[in-house]
Amino acid sequence: MSMLSGTVVTIERFILEQERQHPDATGELSNLMYDFALGAKIVAAAIRRAGLINVLGSAGNTNVQGEEQQKLDVFANNALTNVMGHTGRVCVMASEEDEELIPIPPGWPQGKYAVLFDPLDGSSNIDVNAAVGTIFSIYRRRSMDGQGTLADVLQPGSRQVAAGYVIYGSSVMLVYTTGNGVHGFTLDPSLGEFLLSHPNIRIPEVGKYYSVNESNFGRWSKGTQRAVRGLHGDFPDLIKGKNSRYIGSLVADFHRNLIAGGIFMYPADSKNPNGKLRLAYEANPMAMIVEHAGGAATNGLERILDLEPLALHQRTPLVIGSRSDVEFVARVLRDTEG
Ligand code: P6P
């Protein structure tokens with residue numbers, strides 16, 4: 001008796017089935033998705049062990065964001081860099097943890113994809129065992145050959161060929177899109193396989209939750225304050241109030257809202273005039289996912305996927321989730337701030 005019944009679909013089988021629907025597919029992107037799934041399993045195993053082998057605590061140095069780097073950040077960054085760099089399918093990588101581009105190791109072929117990732121988002125939650133995540137974004141290279149360049153990673157989000165995240169929570173899930181629906185896979189640790197658990201995820205048009213760090217309220221613009229008060233339920237003739245849920249981990253807050261319906265906001269404020277989150281490897285991949293699940297993502301007013309990136313680690317305000325809620329925020333901002 002096979003360990004897997006006929007109805008159980010592994011991520012490998014699912015990716016192959018998706019590839020067969022595109023006769024012109026070369027299989028390279030499919031293979032890259034497997035490679036990423038392997039990277040996710042390696043990180044997941046380390047996170048599961050973290051409490052036992054005292055990996056917790058800071059690595060004693062800081063990353064390009066000036067944030068204290070947790071040991072698992074370093075481990076996750078190295079694991080993904082090593083896996084994705086040795087596939088022959090990637091010409092360049094970029095990571096939240098590295099100021100500069102990450103070249104493909106000498107002697108390894110440079111492929112046709114550029115891969116960007118946030119190896120361990122929400123890492124401040126590691127020590128309190130709250131959900132953290134990995135986010136990735138994949139583009140087709142623009143440069144002709146050899147080592148990839150900044151032009152290969154500084155592309156508008158609308159040109160992504162794939163985007164996804166892994167959430168290391170009560171279970172480990174990988175959610176991704178290649179533009180043909182959004183699909184979720186849950187890791188079965190006894191098999192070491194990601195199994196299809198959430199095919200064709202659709203985000204509800206109107207959300208149950210809103211997620212924002214209210215401690216920044218006093219630093220927001222009047223328009224943002226008014227929009228959030230609407231989400232509180234202060235303007236019932238405009239929008240029904242929602243429940244507040246905020247974990248402080250983008251992947252976890254986003255995932256809950258994707259499945260149950262909701263809106264996540266990290267607005268600009270007087271301390272962070274461009275918001276806190278990064279366009280290239282946080283906002284863009286999440287925006288591709290949410291749009292292919294029927295939702296929306298803006299910087300408050302403009303579509304995230306249309307923004308032209310100017311710098312690798314540039315920040316952007318982010319309003320993302322159920323389409324009706326994102327549109328409500330944009331209306332309030334336009335009415336209040338013109
Ligand atoms: P704050 C985690 O550090 C992170 O980058 C995102 O995962 C999360 O959404 C955000 O910052 C939380 O920021 O300022 O609310 O703690």
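Modeller: In this predicted model, a salt bridge is a side-chain nitrogen of Lys or Arg within 4 Å of a carboxyl oxygen of Asp or Glu.

Colleague: Why is the pair of Asp325 and Lys242 called a salt bridge?

Modeller: The closest N and O atoms of Asp325 and Lys242 are 3.0 Å apart, and the cut-off is 4 Å, so the pair meets the rule. Side chains of opposite charge can pair when their charged atoms come close. The structure holds 10 salt bridges.

Colleague: What makes Asp325 and Lys242 a link between distant parts of the chain?

Modeller: Asp325 belongs to helix α8 (residues 323-337), whereas Lys242 sits in the loop between α5 (222-232) and β11 (243-244), and their positions lie 83 residues apart in the numbering, in the sense that they are 83 residues apart.

Colleague: How do you know that domain 1 and domain 2 touch, and how many residues are in contact?

Modeller: Domain 1 covers 11-198 and domain 2 covers 209-337, with 24 Å between their centres, taken over C-alpha atoms. Contact requires heavy atoms within 4.5 Å, and 45 residues of domain 1 are in contact with 32 residues of domain 2. The area buried between the two domains is about 2,700 Å², with 67% of it given by carbon and sulfur atoms. On the side of domain 1, Ile135, Leu154 and Tyr165 supply 21% of the area buried against domain 2, more than any other three residues.

Colleague: What polar pairing does the interface of domain 1 and domain 2 have?

Modeller: Across this interface the rule finds 0 salt bridges, but it does find 9 residue pairs in polar contact, both partners being at pLDDT 80 or more. Among the elements that give two or more residues to the side of domain 1 that touches domain 2 are β3 (90-95), β5 (132-140) and β6 (160-168), and β6 gives the most, with 8 residues. By class, that side of domain 1 has 22 nonpolar, 17 polar and 6 charged residues.

Colleague: Why do Asp121, Tyr246 and Tyr266 count as polar contacts of the ligand?

Modeller: The cut-off for a pair of N or O atoms is 3.5 Å, so each of the three has to fall within that distance. An N or O atom in the side chain of Asp121 is 2.7 Å from an oxygen atom of the ligand, a polar side-chain atom of Tyr246 lies 2.5 Å from a ligand oxygen, and for Tyr266 the corresponding value is 2.7 Å; therefore each of them meets the rule. The residues around the ligand also include Asn213, Ser249, Phe264, Lys276 and Glu282.

Terms used:
Residues numbered from 1 in each chain as written. Predicted model: local features only at pLDDT ≥ 70, side-chain atom pairs only at ≥ 80, totals over all residues. Heavy atoms only, no water. Domains from an automatic or database assignment. Buried area = accessible area lost by both parts, 1.4 Å probe. Polar contact = N/O pair within 3.5 Å; in protein donor to acceptor, adjacent residues only side chain to side chain. Helix = DSSP H or I, 4+ residues; strand = E, 2+ residues; numbered from the N terminus. Nonpolar A, V, L, I, M, F, W, Y, C, P; charged D, E, K, R; others polar. Near = heavy atom within 4 Å.
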